[in-house]
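The exercises below ask you to work from the model to a conclusion, one step at a time. Please try each task on the structure before you read the solution beneath it.

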Amino acid sequence: MPDSGSLGPPTSLPEQPPAPPATAPDAPAATVTDRPVASSVAHFLAGLHPPVTRPSSPPSPSMPPASSNPSSPPSPSMPPASSNPSSPPSPSMPPASWAPPSPLSPPAPSLPPTSPPATAPETSAATGSDSVVRRVPVGPTGLGTTALSLARRQAAVPPDAVPAPSGPSAEGPVVPGLYHHPIPEPDPVRVAEVSRRIKRWAEDEVRLYPEEWEGQFDGFSVGRYMVACHPDAPTVDHLMLATRLMVAENAVDDCYCEDHGGSPVGLGGRLLLAHTALDHLHTTAEYAPQWSESLGSDAPRRAYRSAMDHFVRAATPSQADRYRHDMARLHLGYLAEAAWAETGHVPEVWEYLAMRQFNNFRPCPTITDTVGGYELPADLHARPDMQRVIALAGNATTIVNDLYSYTKELDSPGRHLNLPVVIAEREHLSDRDAYLKAVEVHNELMHAFEAAAAELAADCPVPAVLRFLRGVAAWVDGNHDWHRTNTYRYSLPDFW
C-alpha cells in the first residue's frame with residue numbers, strides 16, 4: 001500500500017479541468033415541435049453503430065458470427081457515433097507538437113441532420129453494423145450446440161507482457177456468439193496523452209500504488225479504455241475526468257474488496273468513509289478537521305477525493321449529484337457481494353443479476369455528458385425510460401466483464417462469484433453450458449438496451465437526449481473492445 005498521509009488541497013493541478021458546461025434548458029421539448037422528428041430519429045438510430053471493418057478471426061463452425069444478427073439488415077452509412085454537428089471531434093495532432101487544448105464549453109448540441117443518409121454498401125456480418133431499428137429483443141441461436149468439449153483454460157499472459165500504454169493493443173478473440181459492435185481503433189495520440197497524464201496523477205498526486213504494482217497499472221490500459229468509451233470528448237481534459245474516476249473506483253475495488261488487501265470483513269465501514277470523499281461530511285467545527293485528515297489516510301480515499309475534486313469543477317451540480325447517487329448504488333452492490341462471501345451464500349441467478357445491477361459499470365456511462373462537455377438536464381436523466389436504458393447498459397457491460405474475466409477469477413485465490421459460476425451451481429449445468437447460457441443472458445440484455453434506446457429516441461427526440469444515448473451506446477461498445485483487447489488481464493476458456 002502507498003504511504004499514508006493527508007492529501008490536502010492540491011497546490012497545482014497537472015492540467016486545468018474543463019470549464020463547467022452551460023446548463024441546458026429545463027423544457028427542451030418545446031424547441032423541437034416544428035422539427036421533422038421521424039427523419040431525425042431514423043438518422044440517430046442508424047448512426048448508433050456505424051459499420052466498422054476490422055480483421056477478425058472466423059467463428060467456430062458451430063457458432064454464429066460473434067457480432068451478427070442474421071435477421072437485421074445492414075445499417076446505412078453514418079458518421080461515427082462521436083460526431084455532432086455542433087461539436088466536431090478534435091483533429092489528430094502529431095505527438096511531438098501536441099499540447100492540451102484550451103478548456104472549452106462546447107455549444108449546446110443540435111438535432112442531427114434531417115436528410116436521409118445515403119445507403120452504404122453491404123458489409124459482412126463481422127462488421128457489427130446492426131441497427132437498433134430492430135425493436136424486438138431477440139436472443140442468439142445455435143450457441144455451441146454441437147461438438148463442444150470442456151478443456152483446460154488458456155494460460156494467462158505473463159506479467160512481463162504488459163502492452164505499452166500508448167501503443168497498439170493486442171487483438172484478443174471475441175467471446176463466440178457474443179452480440180457486440182466493433183469500434184474504430186481509438187485515437188493513438190489521445191491514448192498516449194491520457195496514459196501519460198493518468199500515470200503522473202496516480203504516482204505524483206495521489207500516491208496510488210507501490211512500485212511493485214506498476215506493471216499491473218500499465219497493464220490495465222486505462223488510456224485506451226477511456227478513449228474508446230468516450231469518442232465524443234472534445235478535449236483530453238474532458239477524457240481525464242472519466243479516467244481519474246475509473247482508476248479511483250478500481251483502487252477502491254482492489255484494495256477494499258479484492259486481492260490487494262481487500263476483505264468482506266468490515267467492508268461497510270471502509271466504504272462509508274471512502275464515500276465521504278465523494279459526498280462530503282457536513283459536521284461540527286470540532287470534528288471536521290479529523291474527517292478532512294482521514295481523506296488522505298489511504299490510496300482509495302486519496303484517489304476518490306482528487307478525482308471528485310476535478311470532476312465537480314467541470315460538472316454541473318446535478319451531474320455531480322447524479323454521479324454520487326450511482327456510486328452509492330455501486331457501494332451497495334459491493335456490500336451485498338461481501339455479505340454473501342461472509343456467509344458462503346451462492347445466490348439464485350436472479351439474485352445475482354439483481355446484485356449486478358448495483359455492483360456494475362453504471363457510474364461510467366452515466367457521466368458521458370459531462371465528459372462530452374454538455375449536460376443532459378436532470379428531468380430528462382430522471383425519466384424512467386432513460387433510467388431503464390442506463391440500467392440495461394450497465395447490466396450488459398458488467399456481464400461482458402463476467403465473461404472475459406471468467407478464467408482470471410477462477411485462477412485467483414478464493415471463490416469469485418460471476419454469472420457462469422452462479423448458473424452452473426444453481427441450474428446444475430456444466431461449466432461450458434453455464435458459460436454459454438451467460439452469453440445468452442448478455443445478448444438478451446444488449447437487445448433490450450438497444451430496443452429501449454430506440455423507443456426513448458422516438459418518444460423524446462430532444463438534442464441532448466439523442467446525444468446522450470449515442471454516448472451511452474459508444475461506452476457500451478468501447479467497454480467490450482477494451483475487454484477483448486486487454487490480453488494482459490483476460491483470456492477466454494477453451495469451450496469451443
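Rings of Phe, Tyr and Trp, the last taken by its six-membered ring, are paired if their centres lie within 6.5 Å, and planes over 60 degrees apart count as edge-to-face. The model to which this is applied is a predicted one.

**Exercise 1. Aromatic rings**

Find which residues form one aromatic cluster with Phe220, and establish how Tyr435 and Trp496 are arranged as an aromatic pair.

Solution. The cluster consists of Phe220, Tyr225, Phe361, Trp475, Trp482 and Tyr490. In the structure as a whole there are 13 aromatic pairs. For Tyr435 and Trp496, the centre-to-centre distance is 5.7 Å and the planes stand 70 degrees apart, which makes the pair edge-to-face. The next step is to place the two partners: Tyr435 belongs to helix α16 (residues 431-459), whereas Trp496 is in the segment after α17 (463-485), so the pair ties together parts that are 61 residues apart in sequence. As for accessibility, Tyr435 is buried, at a relative accessible area of 0%, while Trp496, at 25%, counts as partly exposed. A ring also takes part in one further arrangement, in which the charged end of Arg270 sits over the ring of Tyr256, 5.8 Å from the ring centre.

**Exercise 2. The surroundings of α4**

Determine how many residues of helix α4 are buried and which helices its buried residues pack against.

Solution. Buried means a relative accessible area under 20%. Eight of the eight residues of α4 (residues 222-229) are buried, so the helix is largely enclosed by the rest of the structure. By name, these are Val222, Gly223, Arg224, Tyr225, Met226, Val227, Ala228 and Cys229. Their packing partners are α2 (188-205), α5 (236-257) and α17.

**Exercise 3. Positive phi outside glycine**

Locate Arg207 and Ser221, and decide whether each is buried or partly exposed.

Solution. As background, most residues other than glycine have a negative phi. Arg207, although not a glycine, has a positive phi of about 45 degrees, and its place is the loop between α2 and α3 (214-219). With 29% relative accessibility, Arg207 counts as partly exposed. Ser221 likewise has a positive phi, near 55 degrees, and is found in the loop between α3 and α4. Ser221 counts as buried, at 8% relative accessibility.

**Exercise 4. Two packed helices**

Work out how α10 and α13 are oriented to each other, and describe their contact by residue class.

Solution. Helix α10 (residues 349-358) packs against helix α13 (residues 384-404) at an angle of about 110 degrees, with the axes 9 Å apart. Angles of 65 to 115 degrees count as roughly perpendicular, and α10 and α13 are therefore roughly perpendicular to each other. From α10, Tyr352, Leu353, Arg356 and Gln357 meet Ala391, Asn395, Thr398, Ile399, Asn401 and Asp402 of α13. By class, this contact of α10 with α13 has four nonpolar, four polar and two charged residues.

**Exercise 5. The chain as a whole**

State how many helices and strands the chain has, and what share of its residues counts as buried.

Solution. The chain has 17 helices and zero strands, and 56% of its 496 residues count as buried. Among contacts with a separation of 6 or more, 85% are between residues 24 or more positions apart.

Methods: Residues are numbered from 1 along each chain as its sequence is written. This is a predicted model: local features need pLDDT of at least 70, side-chain atom pairs count only at pLDDT 80 or more; totals for chains, interfaces and linings use all residues. Side-chain values use heavy atoms; hydrogens and water are left out. Rings of Phe, Tyr and Trp (its six-membered ring) pair if their centres lie within 6.5 Å; planes under 30 degrees apart count as stacked, over 60 as edge-to-face and the rest as tilted. Helices (H or I, at least four residues) and strands (E, at least two) are DSSP runs, numbered from the N terminus. Buried means under 20% relative accessible area, exposed over 50%, partly exposed in between (1.4 Å probe, protein chains only). A charge sits over a ring if NZ of Lys or CZ of Arg is within 6 Å of the ring centre and within 35 degrees of the ring normal. Contact means heavy atoms within 4.5 Å. Axes are lines fitted to C-alpha atoms, for helices over the stretch in contact, and angles run from 0 to 180 degrees between N-to-C directions. Angles under 35 degrees count as roughly parallel, over 145 as roughly antiparallel, 65 to 115 as roughly perpendicular and the rest as oblique. Ala, Val, Leu, Ile, Met, Phe, Trp, Tyr, Cys and Pro count as nonpolar, Asp, Glu, Lys and Arg as charged, and the others, Gly among them, as polar.
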